[in-house]
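Please open the model in your viewer and display the backbone as a cartoon. The tour proceeds by selection, one element at a time.

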Amino acid sequence: METTLKNHRGTGWQEEETEQLFQAVRDAAAAGLPLRTVFEALAEGLGRKPNSIRNHYYACLRENPEAGIQRQTPVRVFTPEETHELLRQVLMAQGEGQSVRSCVLRLADGDKSRMLRYQNKYRTLLRNRPDMIDAVRQELMQEGLPCPEPAPPEHADCAFCDPEDTAAAALMAEPCVSAMLEGLKELLHRAAHAGDAQERQRQLDRLQVQCDLQRIAWEKDFQEARNQLDSCLALLREFLALPEEEQYLQMGTFRSAAMDCITAGETFLTRSQA
């Protein structure tokens, strides 16, 4: 390690531990994995908490910002032969009931940094090249060597499950959390359809206004028709209330008034139908 890092490393940290940390960081960067996986993978081997490892790493970078660049070395890429052999070893170990973590730790001879490199490579292949893994599995089966049965993604080795994802899955299984999520889904559903509901409400309001206007028009027509009928009835009552002699004398007047009533009624009906 650089002298600056050696003089300012976190309390209790040894030079070898810091070197192992930075090597693991380089391996993770080569595999495209986040730093969190490094801190978690080294926690058990170093006997430290992931947060403590993370704090030490950033403390080193604060003391020497160029440390990360200075420590970069040419990335050692797996050759096709190394990749093929790694898959054979891991799949045979799984076929014998071993975990992937224990297998890569054995292949690395207990070296945490090399173990992380093997683990990251297998994890990348598991995610991006399932066809290659299946081809090696078929090869082992033809040779009569142990190999695991194909498993759906949800049955993947727990060594490669993100602890935070596992904890989240356990939390999601809680009834109270499930009920809360269902409530949120309902709120989102309502929010998504709020625009439609508002539009429907506007349409209903417009229809209600139209109905009110039509009702007012009908009430006006009804009142006018009632007035027409009342006028006709009044004319008949007055005429019929007269003595017969008087009715005979008023027949011309009655006929003229009756014709006026008929004309007004026909005009009203014609206008209403239009």
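The stops below concern two neighbouring topics, helices and their buried residues, and then a single threonine.

This is a predicted model, in which local features need pLDDT of at least 70 and side-chain atom pairs count only at pLDDT 80 or more, while totals for chains, interfaces and linings use all residues. Residues are numbered from 1 along each chain as its sequence is written, and side-chain values use heavy atoms, with hydrogens and water left out.

Select residues 112–128, helix H8. Helices here are DSSP runs of H or I with at least four residues, numbered from the N terminus. The end C-alpha atoms of H8 lie 24 Å apart, which agrees with the 24 Å expected for 17 residues at 1.5 Å a residue, the expected span being 1.5 Å times one less than the number of residues. At the start of H8, a side-chain oxygen of Asp111 comes to within 3.1 Å of the backbone nitrogen of Arg114.

Next, colour the buried residues of H8, among them Met115, Leu116, Tyr118, Tyr122 and Leu125; buried means under 20% relative accessible area with a 1.4 Å probe, protein chains only. The buried residues of H8 pack against H2, H3, H6, H7 and H9, contact meaning heavy atoms within 4.5 Å.

Move to H7, where Val100, Cys103 and Val104 are buried. Seen down the axis, these buried residues fall within an arc of 90°, so they line one face of H7; the arc is that of the directions from the helix axis to the C-beta atoms. Their cover includes H6 and H8. Just after H7, Asp109 has a positive phi of about 55°.

Finally, select Thr18 in helix H2. Thr18 counts as buried because its relative accessibility is 2%. Cys60 is 42 residues from Thr18 in sequence and 9.0 Å away in space, C-alpha to C-alpha.

Definitions and conventions: Helices (H or I, at least four residues) and strands (E, at least two) are DSSP runs, numbered from the N terminus. Buried means under 20% relative accessible area, exposed over 50%, partly exposed in between (1.4 Å probe, protein chains only). A polar contact is a pair of N or O atoms within 3.5 Å; within protein, one must be able to donate a hydrogen and the other to accept it, and residues adjacent in sequence count only if both atoms are side-chain atoms.
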